[in-house]
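User: Please examine the following protein and answer some questions about its fold and interior.

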Amino acid sequence: MLRFFLLAGCILIFSCIFQSAKPNESSVLNENEYGYFRYKTAFYDGNFRIHSKLFQGSDKCFSDFDCNPKDLLTESGHLSPTQVSFPIKLDVGSYYAISKIWYVEASFLNCKESNLKIYHGFKFKEPFDPFQPLDLYQNDFCEWIGANQIVCPKIEITKKGIFEIELKSGATRSNQYSVRHWMAPFFLTPIAILYCALLSESVDFIDVKVNRYE
């Protein structure tokens, strides 16, 4: 009889262990509740460096230099002619974001560098309002708010969907030239001058388009 109870006890213990190790159906379902926020380039030359701060709640976001919501997520990546997309996997939902983008192109006699800032779903009020600093953006297209600043729709992530920001060449909005690359180390200066000539600096020619794929 004692052996029977010991055997039954062992069976009960092992069954509990295996049941606890079995994946929870709801957690497996939640793992599939995601989509993608993706950057894509249509440039055949040059490289992009991207840094995005994403968040769902707008609390504690007062300015570019003071934006630290409790659910803040930061992602960095790059785009090039051989790597044309940078996807970020996100849970289903709505997101605000601030994205900083740097562009560098080193083509013969056509060297460029530029930068761009994208506000997703909002812009900061002017003049500054410490109580309600964000001006929420409701349109479904992007609008320029400065030579190198643009506001775009809020990032909406659907199940297995893709919210895409496409970076492509547009009309030049502003431009200036620089010779600071001539200050390279002595042995590189002749190469920099002959290859690049003048450097097009702060060239604002990047256009932005929003694409959605379900």
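User: How many helices and strands are there in the protein?
Analyst: This is a predicted model, in which local features need pLDDT of at least 70, side-chain atom pairs count only at pLDDT 80 or more, and totals for chains, interfaces and linings use all residues. Residues are numbered from 1 along each chain as its sequence is written, and side-chain values use heavy atoms, leaving out hydrogens and water. Helices (H or I, at least four residues) and strands (E, at least two) are DSSP runs numbered from the N terminus. The protein has three helices and 17 strands.

User: Which strand supplies the largest share of the largest nonpolar core?
Analyst: A nonpolar core is a set of buried Ala, Val, Leu, Ile, Met, Phe, Trp, Tyr and Cys residues joined through side-chain atoms within 4.5 Å. The largest such core has 28 residues, and those touching the most other members are Phe-37, Tyr-39, Ile-118, Ile-165, Leu-167 and Val-208. Its largest share, four residues, comes from strand E7 (residues 93-107).

User: Which residues does the second, separate core include?
Analyst: This core consists of eleven residues. Among them are Cys-67, Ile-98, Tyr-119 and Val-151.

User: Is Lys-117 buried or exposed?
Analyst: Lys-117 lies in strand E8 (residues 110-120). Beyond residues up to four places away in sequence, Lys-117 is in contact (heavy atoms within 4.5 Å) with Asp-64, Ile-98, Ser-99, Lys-100, Asn-148, Gln-149 and Ile-150. Buried means under 20% relative accessible area, exposed over 50%, and partly exposed in between (1.4 Å probe, protein chains only). The relative accessible area of Lys-117 is 15%, so this residue is buried.
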